[in-house]
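Below are my notes on the model you sent, set out as numbered points. They start with the cysteines and then move to the fold, the charged pairs and the surface.

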Amino acid sequence: MRDMLRNTRMRIAICLLTAIILMCFWSAIQVRKSCDRLLKCTDAAIYAADTLHKENLAGELGAIVRRWKKDSPLLHLFVPAQPLTDLNEAILRLEALDAADSDELTAELCAVRADLLWIRGHELTVF
C-alpha cells in the first residue's frame, strides 16, 4: 500500500476521485439550501394568499422572484433542465396572476412548492 501511494499516477487518481466525491456532496448541499430558501419564500406567499393578506402577498411574490433569480444559475449547474424550465415558467407567472387577481394564484404557488420539493428530493440522483 505504501508503494502505491508513492506512485505519482496513483496520487493523482486518488486526488481526482476525492475531488469528484467532494463535488457531489457540495452540489447536493447547495441544491438543498437553494430549495429550502425558495420553499421558505413560497410558504410565506401561500400563507399570505390563504389568509387574504393582499398587502403582504405582492412583497412575498417579489421575494420568490428575487430569490429564484439569485439561486437559479447554481441550480442550473446541478439539476436537469426540464424541471427547472417548468419551475421558471411557474415562478415568472406568479406576479402576473397576482396582478390579474386570478384564482389560480394559490394553485400555482402550490405547484411551485411541489416542484421545489421534487427537486430537493432528487438532487442526489444527478451524479
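1. Cys 35 is buried, with a relative accessibility of 0%. The model is a predicted one, and the comments below should be read with that in mind. What is the closest cysteine sulfur to that of Cys 35? It belongs to Cys 41, and the distance is 12 Å, too far for a bond.

2. Cys 24 differs in setting: its relative accessibility is 24%, so Cys 24 counts as partly exposed, since buried means under 20%. The closest cysteine sulfur to that of Cys 24 is in Cys 15, 16 Å away, which is again too far for a bond. A disulfide is a covalent bond between the sulfur atoms of two cysteines. The cut-off applied to the sulfur pair is 2.5 Å, and a search of the whole structure returns 0 disulfides.

3. On the fold: the secondary structure consists of 5 helices and 0 strands. Read from the N terminus, the order of elements is α-α-α-α-α. Helix H2 covers residues 8-50 and helix H3 covers residues 54-78. Helix H4 spans residues 81-99, and helix H5 spans residues 105-121.

4. On overall dimensions: the C-alpha trace spans about 70 × 20 × 20 Å along its principal axes. The radius of gyration is 20 Å, whereas a compact globule of 127 residues would have one near 14 Å. Of the 127 residues, 31% count as buried.

5. On contacts: among those with a separation of 6 or more, 68% are between residues 24 or more positions apart. A single pair at a shorter sequence separation can be added here. Ala 111 and Ala 90 are 21 residues apart in sequence, and their C-alpha atoms are 7.8 Å apart in space. Ala 111 is in helix H5 and is partly exposed, at 31% relative accessibility.

6. On charged pairs: side chains of opposite charge can pair when their charged atoms come close. How many salt bridges does the structure hold? The count is 6. Three of these pairs are taken up in the next points, with the 4 Å limit between nitrogen and oxygen as the criterion.

7. One of the salt bridges joins Asp 43 and Arg 113, with 2.6 Å between the closest N and O atoms. Asp 43 lies in helix H2 and Arg 113 in helix H5, so this pair ties together parts that are 70 residues apart in sequence. Both ends are partly exposed: Asp 43 has a relative accessible area of 31%, and Arg 113 has 30%.

8. Another pair is Arg 37 with Asp 71, whose closest N and O atoms are 3.3 Å apart. This salt bridge links distant parts of the chain, with Arg 37 in helix H2 and Asp 71 in helix H3, 34 residues apart. Are the two partners buried or partly exposed? Arg 37 is partly exposed, at a relative accessible area of 31%, whereas Asp 71 is buried, at 5%.

9. A further pair lies within one helix. Glu 89 and Arg 93 form a salt bridge with an N to O distance of 3.1 Å. Both residues are in helix H4, 4 residues apart, which is about one turn of the helix. Glu 89 is partly exposed at 48% relative accessibility, and Arg 93 is partly exposed at 32%. Returning to Arg 37 and Asp 71, salt bridges with shared partners join these two and Arg 67 into one network.

10. On the surface: the accessible area of the protein is about 8,200 Å², and carbon and sulfur atoms account for 60% of that. Which residues form a nonpolar patch on the surface? They are Leu 17, Ile 21, Phe 25 and Ile 29, and together they have about 400 Å² of accessible area. Ile 29 is located in helix H2 and is partly exposed, with a relative accessible area of 45%.

Conventions:
Residues are numbered from 1 along each chain as its sequence is written. This is a predicted model: local features need pLDDT of at least 70, side-chain atom pairs count only at pLDDT 80 or more; totals for chains, interfaces and linings use all residues. Side-chain values use heavy atoms; hydrogens and water are left out. A salt bridge is a side-chain nitrogen of Lys or Arg within 4 Å of a carboxyl oxygen of Asp or Glu. Helices (H or I, at least four residues) and strands (E, at least two) are DSSP runs, numbered from the N terminus. Buried means under 20% relative accessible area, exposed over 50%, partly exposed in between (1.4 Å probe, protein chains only). Patches are made of residues with over 30% relative accessible area and no salt bridge: like charges are joined within 9 Å, nonpolar side chains (Val, Leu, Ile, Met, Phe, Trp, Tyr) within 5 Å. Accessible areas come from the Shrake-Rupley method with a 1.4 Å probe; for residues, only the protein chains shown count as cover. The radius of gyration is taken over C-alpha atoms; the globule rule is 2.2 Å times the number of residues to the power 0.38. Contact means heavy atoms within 4.5 Å.
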